[in-house]
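Subject: The structure for you to look through

Dear colleague,

I am handing over the structure we spoke about, so that you can open it and read my notes beside it. Please keep the sequence and the model in view while you go through them.

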Amino acid sequence: MTAYDDLRARIAECHDLFCILNMLKWDMRAMMPAAGAASRGAQLATLSKLAKSIFISDETARLLDAAEAEIESADPDSYKARALRQTRDAYEIQRRIPAGLVGRMAALGPESEAVWARAKDENDFAAFKPYLQQMLALNIELAEAIGYADHPFDALIRQFEPGMTAAQLEVIFAELKARILPLLQRIVAADAPLPLDLWEAEYDLATQKSLCLEMAALIGFDFERGRLDSAPHPFEISFTRDDVRITTRYDANYLPMSLFAALHEAGHGLYEQNIAPELTRTALTADFLGQYAVGGASFGAHEFSSRLWENQIGRSREFWRLHFGRAQALFPEQLAAADAELFYRAVNRARPSLIRVEADEVTYNLHIMLRAEIEMALLEGAIAVDDLPEFWNAKMQDYLGLAPPDDRRGVLQDVHWSFGGFGNFPCYTIGNIMAAQALAAAQAQMPDLAARLAAGDYQTLLAWLTENFYRHGRAYGTDELLTRATGEGLNTAPLLDYLEGKYTDLYDLN
Ligand code: ZN
C-alpha cells in the first residue's frame, strides 16, 4: 500500500458517511413524518461531526503530506493529482472553520427555519428579523474564517461555486440586465392570454406521475439506478451513481409543476448517473465543505444540467411536437381541445411575477440578481436587516415593475436565508448561462444534433454531455470544464441569444 492508497481509503470512509448523511436528508425531505425533525437533526449533527473529525484529523494530515510527496512527479492534470489538490484545499478550509461556529449555525438553523415558516404564513417580517440578524452575523464570521481578498461574498460563494467572485458577478449581472430588461418590456407589451386555459381542468395525480416517469426515462434517466418520489420542495440527491433519487411535487390544477420539476431533477440525476464509475467513493465525488456525496463540479455546474434538460430540451417546441400526443393520450379530456403548439406556448408564457420558483426563463435571472445583490449589500453593511423589505420592494419595482403587496410574497418567500444559506443563489444563473453555452457548443460540434433532437434522439446529446462534462465528476472547476468543452469560460452571450431568439418567435416581436 502507498500513502496515496491509504489516504484514498480514508477518503472513501468519509464518502460513505456523506452518502449516509444524504440518505438521512432524502428520507427527511421525502418520507419522514414532521415529528421526526428534532431527532433527525441530532442524528445529522452526530454523523456530520464524525465525518468532519475523520477528515480534519492529524492522521489525514499525515497521509496528505505523504501522498503529496509520493505523487510529486505525477501528471498534474491526472485525476489522482486533482483529487489530491482538492482534498488539500478542502482540508485547509475546514481546519480554518471553528467547530463552535458550525455548531452555532447548526443549532440555530431548525428554529430559525421554523420561525421563518410561521413569519411567512403570518406575513410578519418583524418576527423573523432577529433570526435573520443572527444568521447574517454567523455568515460574516464564516466568511472571515474561510478568508477572501475583496468581498466577504467571495468566501461564501466558494462553498458552492469555487472561483466565482462578487466582482465577476457584477459584470455578469450587468450584461444580463442590459438585454433581458428590454426583452421583457417587449414581451409585456405583446403579451395576450392564450385562446384556451389548459390549467383550468383537473389532472389526476397518479396519471401525472406516469407522465413524469415516462418523460424522465425518455431523456435517459435510468430507473434501474434511480427512483422518483414526491416531496414538498423537489430536489435530487444521490448516494452513488448507482442510486440516484429524484423528487417532484403535484398540483391537480397545474400539470407543468410536476412535469418540469421532474425533468429538472432528472437533469440533475443524469449528471450523477453518468459520472465515471472509477470516481465512486473518491474525493472527486465528494463535497467536503458541504459534506455531500455529489459528483457535479459545483452547484452552478449541477444547475447547468438540470436547466438544460428542463428548459432547452423540455420546454422546446420540438420536444412537444413529438411528445404532446403522449400527454394527450394520458389526459384525453383535459387536453382534448389543445395541440402541440398551444401546449408549447402554455408552458413558456413569460411575464413579471412575484415568486421566484414560479418564474419563467426570461424573468428567472432577475429574481436571482435581486437576491444576490441584497446579500452583497447586507454583507458589506451597505444596508441593515431593518431596511430589507423596503430594499427588496424597490428592486422588484426596478427589475420587474411589480410592487409586492406583502412581505409573504416579497422578502419572506425563500427559505435560504433562514438556515444561513448565503452565497447560493447565483448558482442558478451560472447554471442557466452554462446550459446555453453547452448546447450551443454541442450544436456547433454536431451539425445534425438539432435534427436528432427533433426526432427524439436524446442519447446523442447525453453521450456528448457525459464525455465533456458528467464523467469528470468534480475533477475540474466550472470555468476549466467549460473551456475544455466549449473553448471558452463563462459567457453570457449564448444565453441571451437563446432567450431573444426563443421569445422573439413566441411573441412575434419582430
Ligand atoms: Zn436544481
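Below is what was found, taken one topic at a time.

Please bear in mind from the start that this is a predicted model.

The metal site is a good place to begin. Which residues are the protein donors of the zinc ion? They are His 264 and His 268, each through NE2, together with Glu 303 through OE, and they lie 2.1 to 2.2 Å from the ion. Along the sequence these donor residues follow the spacing H-x3-H-x34-E. Because His 264 belongs to helix 10 (residues 255–273) while Glu 303 belongs to helix 11 (residues 299–313), the pair ties together parts that are 39 residues apart in sequence. His 264 is buried, with a relative accessible area of 9%, and Glu 303 is also buried, at 7% relative accessibility.

Next come the cysteines. How many disulfides does the structure hold? It holds zero, and the distances help to show why for two of the residues, since a disulfide requires the sulfur atoms to be within 2.5 Å. The sulfur of Cys 14 has its closest cysteine sulfur in Cys 19, 11 Å away, which is too far for a bond, and for the sulfur of Cys 19 the closest cysteine sulfur is likewise that of Cys 14. Cys 14 is buried, with a relative accessible area of 1%, and Cys 19 counts as buried at 12%.

Turning to the interior, it helps to recall that in soluble globular proteins nonpolar side chains tend to be buried together. Here the largest nonpolar core has 169 residues, and those with the most contacts inside it are Phe 304, Leu 308, Trp 309, Phe 343, Leu 461 and Phe 469. If residues up to four places away in sequence are not counted, Phe 469 touches several others, among them Tyr 271, Phe 304, Met 434 and Trp 464.

One pair of helices is also worth following on the screen. Helix 8 (residues 166–190) packs with helix 20 (residues 493–506) at an angle of about 5°, and their axes are 10 Å apart, which makes the two helices roughly parallel. Helix 8 contributes residues including Leu 176, Ile 180, Leu 183 and Ile 187 to the contact, and helix 20 contributes residues including Leu 495, Leu 496, Leu 499 and Tyr 503.

Several residues outside the helices deserve a careful look as well. Arg 225 sits in the loop between helix 9 (205–218) and strand 1 (226–230), and it is buried, with a relative accessible area of 17%. Leaving aside neighbours within four places in sequence, Arg 225 is in contact with Arg 241, Asp 242, Asp 243, Val 244 and Gln 273. Ser 57 lies in the loop between helix 2 (37–55) and helix 3 (58–70) and counts as buried at 16% relative accessibility; with the same neighbours left aside, Ser 57 is in contact with Arg 10, Tyr 91 and Arg 95.

Finally, there are two backbone angles to check. Asn 123, in the loop between helix 5 (99–122) and helix 6 (125–146), has a phi near 55°, a positive value in a residue other than glycine, and Asn 123 is partly exposed, with a relative accessible area of 33%. Asp 508, in the segment after helix 20, has a positive phi near 50°, and Asp 508 is exposed, with a relative accessible area of 65%.

With best wishes

Definitions and conventions: Residues are numbered from 1 along each chain as its sequence is written. This is a predicted model: local features need pLDDT of at least 70, side-chain atom pairs count only at pLDDT 80 or more; totals for chains, interfaces and linings use all residues. Side-chain values use heavy atoms; hydrogens and water are left out. Buried means under 20% relative accessible area, exposed over 50%, partly exposed in between (1.4 Å probe, protein chains only). Donors are N, O and S atoms within 2.8 Å of the metal (3.2 Å for Na, K and Ca); water is not among the atoms, so sites may look incomplete. Helices (H or I, at least four residues) and strands (E, at least two) are DSSP runs, numbered from the N terminus. Contact means heavy atoms within 4.5 Å. A nonpolar core is a set of buried Ala, Val, Leu, Ile, Met, Phe, Trp, Tyr and Cys residues joined through side-chain atoms within 4.5 Å. Axes are lines fitted to C-alpha atoms, for helices over the stretch in contact, and angles run from 0 to 180 degrees between N-to-C directions. Angles under 35 degrees count as roughly parallel, over 145 as roughly antiparallel, 65 to 115 as roughly perpendicular and the rest as oblique.
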